[in-house]
Amino acid sequence: MAKDTLTITDNRSGKQYEIAIENGAIRTADLQQIKTSAEDPGLVGYDPSFGNTASCKSRITFIDGDKGILRYRGYDIAELAERSTYLETAYLIVKGELPDAHHLSMWQHNITIHTMVHENIKKLMEGFRYDAHPMGILVGTIGALSTFYPDAKDIDNAEARRLQTRRLIGKVPTLAAFAYRHTRGLPYVYPDNEMSYTGNFLQMMFRMTERHYRPNPVLEHALDVLFILHADHEQNCSTNAVRSVGSSHVDPYSAVAAGVAALYGPLHGGANEAVIRMLQEIGSVEKVPEAIKRFKAGDGRLMGFGHRVYKNYDPRGKIIKQLAYEVFEVTGKNPLIDIALELERIALEDDYFVKRRLYPNVDFYSGIIYQAMGFPVAMFPVLFAIPRTAGWLAQWAEMVRDPEQRISRPRQLYVGEPTRHYEAIEARPEPLTREDAVDATI
Ligand code: ACO
């Protein structure tokens with residue numbers, strides 16, 4: 001059977017090349033044979049920010065951005081959000097199949113026995129300033145875990161990989177809650193392994209002097225659903241960071257710390273924090289049209305809108321919007337929801353947003369729920385990092401086992417000066433002013 005190929009004619013040399021197409025992609029390495037001379041290093045693909053470059057083959061998460069579809073291991077996100085739990089979904093993402101009752105119970109046990117952290121981690125936390133951002137603390141403490149588990153370096157050992165996976169999924173909520181308590185000057189609350197994954201996290205966050213802290217089951221469930229929705233999202237900025245850093249064969253704690261650092265940015269996991277700040281700045285429903293005008297004029301962005309992949313309603317956004325009302329039944333309505341609904345209503349009818357296919361993303365409503373549940377804004381990206389840990393680890397393990405993966409090392413197009421010779425300082429021309437300098441922004 002004839003293979004799918006792409007025929008390229010190089011107008012510089014008149015030569016033709018047949019490039020194989022596999023899984024709807026060409027290998028950009030195949031372009032290297034396209035040369036104008038023996039010295040020519042060959043054609044490269046130029047794709048800043050990887051807008052149209054697949055960096056791996058993956059079996060974990062499927063997204064169809066045009067149709068608004070998100071599936072983990074083939075299961076639709078809405079079905080998982082309705083019927084699964086976060087820990088079961090984490091099992092599915094990490095291991096590829098839904099567990100039977102016995103394996104689910106073993107998995108829950110294996111995660112739960114790793115919720116404690118070494119006491120020295122607490123000392124490390126104490127070194128952070130009282131106003132340290134909890135996401136910064138999380139980057140530091142997850143990275144530090146690598147020093148507590150030197151066995152994590154053995155990345156080619158399946159048993160060692162399994163152990164670090166359980167440890168990380170188990171410990172991340174503890175680190176996250178400790179980071180919050182540190183910034184509040186509150187004593188750290190130790191894990192309670194009798195509780196659910198999210199129930200335990202809520203008690204580590206909010207327990208004060210109660211003898212038996214019991215989280216509200218509606219809020220515990222809502223957080224579990226939010227964790228399912230955030231568990232993986234294929235090759236986004238933070239996952240790419242985990243894979244790229246992990247490709248150097250560093251331990252998974254260091255690789256996941258890189259993922260948390262990437263998630264910290266306002267264009268990624270920091271977006272729900274930015275949404276709340278934006279809604280607070282807008283202040284009232286009446287001021288929404290004026291704000292939309294500003295965003296259209298390029299004065300800021302409508303945070304929580306737009307997505308590199310989804311050119312339709314983010315399927316997670318729909319579920320979260322529904323969840324918001326369940327949470328408000330318990331907590332009372334977050335008044336910011338009215339401003340958000342009005343923004344969405346106007347934006348979805350506005351030519352600027354329609355033409356650019358900008359729809360609400362996962363972050364548009366999640367912050368409003370978190371705020372209603374009592375989480376401070378600075379904890380929002382942390383609440384993203386906790387469940388995403390399962391996705392990062394699944395992606396990391398897939399990368400480590402993939403024989404096609406080598407150390408990540410993109411190419412560049414050098415557009416700087418050609419060879420120059422060093423001149424003595426007295427012989428150099430007048431110094432450049434800041435504005436004249438080539439890299440004037442540095
Ligand atoms: N508000 C106003 N205009 C926007 C927005 C927005 N939120 N998002 C994109 N645009 C405009 C851009 O100005 C650009 O317009 P132009 O063609 O006239 O120059 C066009 O839409 C395309 O935007 P890009 O920045 O090229 O799109 P990209 O795919 O690179 O960016 C991103 C995607 C970063 C998510 C962007 O939409 C954005 O900044 N959104 C707000 C931040 C946000 O909500 N981030 C969370 C993403 S979800 C997540 O990480 C979990």
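Visitor: How far is the side chain of His268 from an oxygen atom of the ligand?

Guide: The gap is 3.0 Å, taken from an N or O atom in the His268 side chain to that ligand oxygen. Keep in mind that this is a predicted model.

Visitor: OK, and what does Tyr352 do with its side chain there?

Guide: An N or O atom in the Tyr352 side chain sits 2.9 Å from a nitrogen atom of the ligand. Arg356 has a contact too, with a polar side-chain atom 3.0 Å from a ligand oxygen.

Visitor: How much of the ligand's accessible area does the protein cover?

Guide: On its own the ligand has 920 Å² of accessible area, and the protein covers 72% of that.

Visitor: Which residues are closest to the ligand?

Guide: Those are Arg301, Leu302, Gly304, Arg308 and Tyr352, out of 18 residues that surround the ligand.

Visitor: And what's the mix by class in that shell?

Guide: Nine are nonpolar, five are polar and four are charged.

Visitor: Switching topic: how many salt bridges turn up in the whole structure?

Guide: The search finds 19. One pairs the side chains of Glu273 and Arg277, with an N to O distance of 2.6 Å.

Visitor: Where do Glu273 and Arg277 lie?

Guide: Both are in helix α11, which covers residues 271-282. They are four residues apart, or about one turn of the helix.

Visitor: Why can side chains of opposite charge pair?

Guide: They can do so when their charged atoms come close.

Visitor: Let's talk holes. How many cavities of 30 Å³ or more does the structure hold?

Guide: Just one. The space in the largest cavity comes to about 30 Å³.

Visitor: Which residues line the largest cavity?

Guide: The lining is made of Gly306, His307, Tyr310, Asn312, Asp314, Arg357, Tyr359, Pro360 and Asn361. By class, that gives three nonpolar, four polar and two charged residues.

Visitor: What about the second largest pocket, how much space is in there?

Guide: About 220 Å³. Its lining has 14 residues, and Leu87, Gln108, Met195, Ser196 and Tyr197 are the ones nearest the centre.

Visitor: Which helices each supply at least two residues of that lining?

Guide: α3, residues 101-112, and α7, residues 197-206. As for class, the lining of this pocket has eight polar, four nonpolar and two charged residues.

Visitor: Gln108 came up there. Which side chain reaches the backbone oxygen of Gln108?

Guide: That would be Thr112, at 2.5 Å. Thr112 has its place in helix α3.

Visitor: And how far are the C-alpha atoms of Thr112 and Ala291 separated?

Guide: By 46 Å, with the two residues 179 apart along the chain.

Key
Residues numbered from 1 in each chain as written. Predicted model: local features only at pLDDT ≥ 70, side-chain atom pairs only at ≥ 80, totals over all residues. Heavy atoms only, no water. 1 Å grid on protein atoms, 1.4 Å probe; cavity = no way out; pocket = protein on both sides within 12 Å on 5 of 7 lines; lining within 4 Å. Points joined across faces, edges and corners; volume = space filled by probe spheres on them. Nonpolar A, V, L, I, M, F, W, Y, C, P; charged D, E, K, R; others polar. Near = heavy atom within 4 Å. Polar contact = N/O pair within 3.5 Å; in protein donor to acceptor, adjacent residues only side chain to side chain. Areas by Shrake-Rupley, 256 points an atom, 1.4 Å probe, with all protein chains shown as cover. Salt bridge = Lys/Arg side-chain N within 4 Å of Asp/Glu carboxyl O.
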